[in-house]
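Here's a quick tour for anyone meeting this protein for the first time. Have a look at the picture, then read on.

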Amino acid sequence: MTREGMAVPNTTLCEKLVSDDNLTKAAKKVRSNDGAPGIDGIPAEDALVYLLKNQERIVSEIITRKYKPSPVRRVEIPKANGKKRLLGIPTVRDRIVQQAMVQVLTPVFEPTFSDFSFGYRPNRSAEDAVRLAQLYMSEGYNHVVDLDLSQFFDTVNHDILMGLVDKDMEDKDIRRLIFVFLKAGVLYRDKLEETELGVSQGNPLSPLLANVYLTPFDKEMEKRGLRFVRYADDCQLFTKSDYAAARVMKNATKYLENKLKLKVNVEKTEAREAEGSCFLGFTFMTLGSKENGRGVCRPRGKKIESLKEKLKVITKRNRGVSIHQVIMEINETMLGWLAYYARGNILTWLMKELLPWLRRRIRQYLWKTWKTAKSRKRHLRKAGVPGRQIRTVTGWSSRSYWKMSLVLGRLITNERLTEYFGLRDFEGILRKWHKKRMERDYELDFNDYLCRQYEEEQETRLLMDVYSCVNW
């Protein structure tokens, strides 16, 4: 274990873990992810500085198997349904080590994961999962089992998880690290609580361990020949009849509860028609067909209302911040939302409902911010509005802000909001992004077609060879 008085790693994997490059890359990743501090109070932005000062001690503790993680800080964040999600915020030291572990363990476990699992995996996304679900529906799988796991991350069985880790990884040093992180405990309201079950949401290692834990379920569904798609703990299984869906729901629930010791939420888990079902924030409006391709999807109603609530807060007329700050926040919010939901058919809704409403709220904000008649005229002239247009307006001192925002629409046009105030052209952006999504669908479908055609040709050639041998 030692060489010239210096501790050295016991295995190749451990050597990769504690290498300078891996730890530095991990610290940079922690810094870029940002996030609230743990019980040490050190912000994530100081991760690289912390590593430079403490790297030698961290490496020594890992190699000599003396590394002991700190308890995570319990944080409760509200969910859309009114309940609370429990997060565990680790210290910056533990974040660096966990991120370093993820970087060396991902190549180990990634080949063992199912092709139908998409959550927290390299080169896979939620959109890929939605695309696959739409493909199933276009192939005639018009019923779905929507599985809902109750508090999945909080109910993971440590013994089962460590058994699955041992199955694909033999490194005892890293195995020990995984185990001590699972048992690190939680500090909640100055009271230390032991962790007998679960993996803490909020740390870099938990998504990888979640996929390790659910892989046996994926493999079992594959063995049974079922069409399914999973993103972390969100899973849908597709069938061609309501009877098959009910049977699959019963068997899947039995496997998850008996084999993996998880809790299936019987109130939310359901077998239903695929049309109108929801997955990862999308609602599937139509099923599609083999002839016409994938069906139509759009964001769930709750997601649309959530976006409007955010925009209402940003454009609240008594916020007291500059219009440039408001526009910047609107651009960030809208671009992030559109980037996720661009594959949905929402162009008409965006053009006719959301954008007119949003622009009117911006104009209302401007009318309120400019306050006086003199100030309003001066800002309009500065924005490039012709004087003859300004003179046609009456009621310059009006405090009917929503009413005057309609009048202001003749002066502050949509083009002026974009060119002068910096509001992004969301309609054009959505058209471009949606087109890319559809082109990507076509490309993937064409590649699948070529692969199937090649396999059929190979099978035909093999049968012909066998036939020739028999005749000879």
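## Surface and overall build

The accessible surface of the protein adds up to about 25,900 Å², and carbon and sulfur atoms account for 50% of that. Keep in mind that what you're looking at is a predicted model. Of the 472 residues in the protein, 45% are buried.

As for its extent, the C-alpha trace spans about 90 × 75 × 45 Å along the principal axes. Along the chain you'll come across 17 helices and 15 strands. Take the contacts between residues at least 6 apart in sequence: 72% of them join residues at least 24 apart.

## Charges

The protein carries 84 positive and 61 negative charges. Work out the mean position of each set, and the two points turn out to be 11 Å apart.

## Two nonpolar cores

Now for the inside. The largest nonpolar core has 66 residues, and Met101, Leu105 and Ile178 have the most contacts within it. Helix α4, which covers residues 92-109, supplies the largest share of this core, with 9 residues.

What does Met101 touch once you skip its neighbours within four places in sequence? The list is Leu17, Ile174, Leu177, Ile178, Phe181 and Leu205. Apart from this core there's another one, made of 65 residues, and Cys297, Leu311, Met334 and Leu411 are among them.

## Aromatic rings

There are 15 aromatic pairs in the structure. One of them joins Tyr136 and Tyr141, with 6.5 Å from centre to centre and 65° between the planes, which makes the pair edge-to-face. Are these two residues buried or exposed? Tyr136 has a relative accessible area of 5%, so it is buried, and Tyr141, at 14%, counts as buried too.

Phe152 and Phe153 pair up as well: their ring centres are 5.1 Å apart and their planes sit at 70°, so this pair is edge-to-face. Phe152 is buried, with a relative accessible area of 2%, and Phe153 is buried at 8%. Elsewhere, ring pairs link Phe282, Trp337, Tyr340, Tyr341 and Trp349 into a cluster.

## A closer look at Thr239

Thr239 belongs to strand β9, which runs over residues 234-239. Its relative accessibility is 5%, and because anything under 20% is called buried, Thr239 counts as buried.

Who are its contacts, leaving out residues up to four places away in sequence? Thr239 touches Tyr141, Asn142, His143, Ala244, Ala245 and Val248. You've already met Tyr141, as the ring partner of Tyr136.

## A closer look at Asn331

Asn331 sits in helix α11, a stretch that takes in residues 323-341. That helix range also takes in Trp337, Tyr340 and Tyr341, which belong to the ring cluster described above. With a relative accessibility of 11%, Asn331 counts as buried.

Leave out residues up to four places away in sequence, and Asn331 is found touching Gly422, Leu423, Arg424 and Phe426.

Terms used:
Residues numbered from 1 in each chain as written. Predicted model: local features only at pLDDT ≥ 70, side-chain atom pairs only at ≥ 80, totals over all residues. Heavy atoms only, no water. Helix = DSSP H or I, 4+ residues; strand = E, 2+ residues; numbered from the N terminus. Buried < 20%, exposed > 50% of the residue type's maximum accessible area, 1.4 Å probe, protein only. Contact = heavy atoms within 4.5 Å. Areas by Shrake-Rupley, 256 points an atom, 1.4 Å probe, with all protein chains shown as cover. Lys, Arg positive; Asp, Glu negative; His and termini not counted. Charge placed at Lys NZ, Arg CZ, Asp CG, Glu CD. Core = buried A, V, L, I, M, F, W, Y, C linked by side-chain atoms within 4.5 Å. Phe/Tyr/Trp six-rings, centres within 6.5 Å; stacked < 30°, edge-to-face > 60°.
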